Amino acid sequence: MNQFDQQWRKLTSLARQAEDARGSSAPYGFSTRVVAHAAGMPLNSLSIPFENFAFRGLLVAAVCGMAAIAFDYATFVTSTQTDAYVAADMVGDLLDLS
Amino acid sequence: MGDDPFDLVACLERVRQRDQKASRQLVEHLYPLVIRIVRSHLPRRVAEEDLAQDIFLKMFTRIAQYQGNVPFPHWVSRIAVTTCIDQLRAQKRRPEFRWADLSENEAEVLDNVLTDSRDTTPGDALAARELVHKLLDQLKPDDRLVIQLLDLEQRTIAEISAQTGWNQTLVKVRAFRARRKLQKLFQELQTKEKS
């Protein structure tokens, strides 16, 4: 056993001798307050893990979306321009019809 | 709780049916267990009653998930331990430990332990407990928990594993890491004291 182990053992054994004078029964009104709070919460929380997954899923989806745009920005811009051109053509077609 | 033995199974059944009286009885029955865990792992600046309330609220929220695979008090103590660890993690920064932060009694106890100059008296116990908690504040929450249970509450590795849900190897690794950090702290304190 090295010097530190001896020192630590001595300190913890001394700390264990300290008595905790604080009571261990629930303070007056504590259980009523807790139960009143709990009554306003859903008892069956099987959905909580799914909510956590959904939130993480949303974050992952957002990161994937951003990454996809960043890696393929040129295609994205071209595609947007093509859509705009098509939209302009559609308006032209509508005007022709009238 | 009186002289009547507490029927936990029947009480749980009534709690599941949203019986408020049974819920209050359950809280009062489990309070000593929960408050003991809270006091052992209480983060700085957090009121023990607030933390105990959070633990009981989690217990009620998750009670439908309790399958009875482990005794109910064990299940609740695991909720209590994880809630305390979450609170400790939320604190993030740990203040640097300095000799000047110690009270006169704590400094004296530490000096006696470090120099092994004389046997300590039972009157030093309270100061030693405060000192140990200040030292444990310097550790990561998970490591702190392991040392608290191992060295102060004298639990076995198997018991810690059951209470925390960590495997025994992980508990041993955390204990080793925590002791190494504590050893470093002791060395720093000795150096500072000499200078």
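The following is a conversation about chain A, its helices and its contact with chain B.

Tutor: This is a predicted model, in which local features need pLDDT of at least 70, side-chain atom pairs count only at pLDDT 80 or more, and totals for chains, interfaces and linings use all residues. Residues are numbered from 1 along each chain as its sequence is written, while chains are lettered from A and ligands numbered from 1 in the order in which they are written.

Student: What makes up chain A in terms of helices and strands?

Tutor: Chain A has 4 helices and 0 strands, where helices (H or I, at least four residues) and strands (E, at least two) are DSSP runs, numbered from the N terminus.

Student: How do you know that the span of helix α1 of chain A agrees with 1.5 Å a residue?

Tutor: The expected span is 1.5 Å times one less than the number of residues, so the 14 residues of α1 (residues 3-16) should span 20 Å, and the end C-alpha atoms are indeed 20 Å apart.

Student: Which residues of α1(A) are called buried, and why?

Tutor: A residue is buried if 20 or more other C-beta atoms, placed from the backbone, lie within 10 Å of its own, exposed if 12 or fewer, and partly exposed in between; in α1(A), Gln7(A), Trp8(A), Leu11(A), Thr12(A), Leu14(A) and Ala15(A) are therefore called buried. They cover an arc (of the directions from the helix axis to the C-beta atoms) of only 160°, which puts them on the same side of α1(A). The face turned away from that buried side carries the exposed residues Asp5(A) and Gln6(A).

Student: How many residues does the contact take from each chain?

Tutor: With contact meaning C-beta atoms, placed from the backbone, within 7 Å, there are 28 residues from chain A and 36 residues from chain B. The largest share of the chain A side, 9 residues, comes from α1(A).

Technical notes. Two residues are in contact if their C-beta atoms, placed from the backbone, lie within 7 Å.
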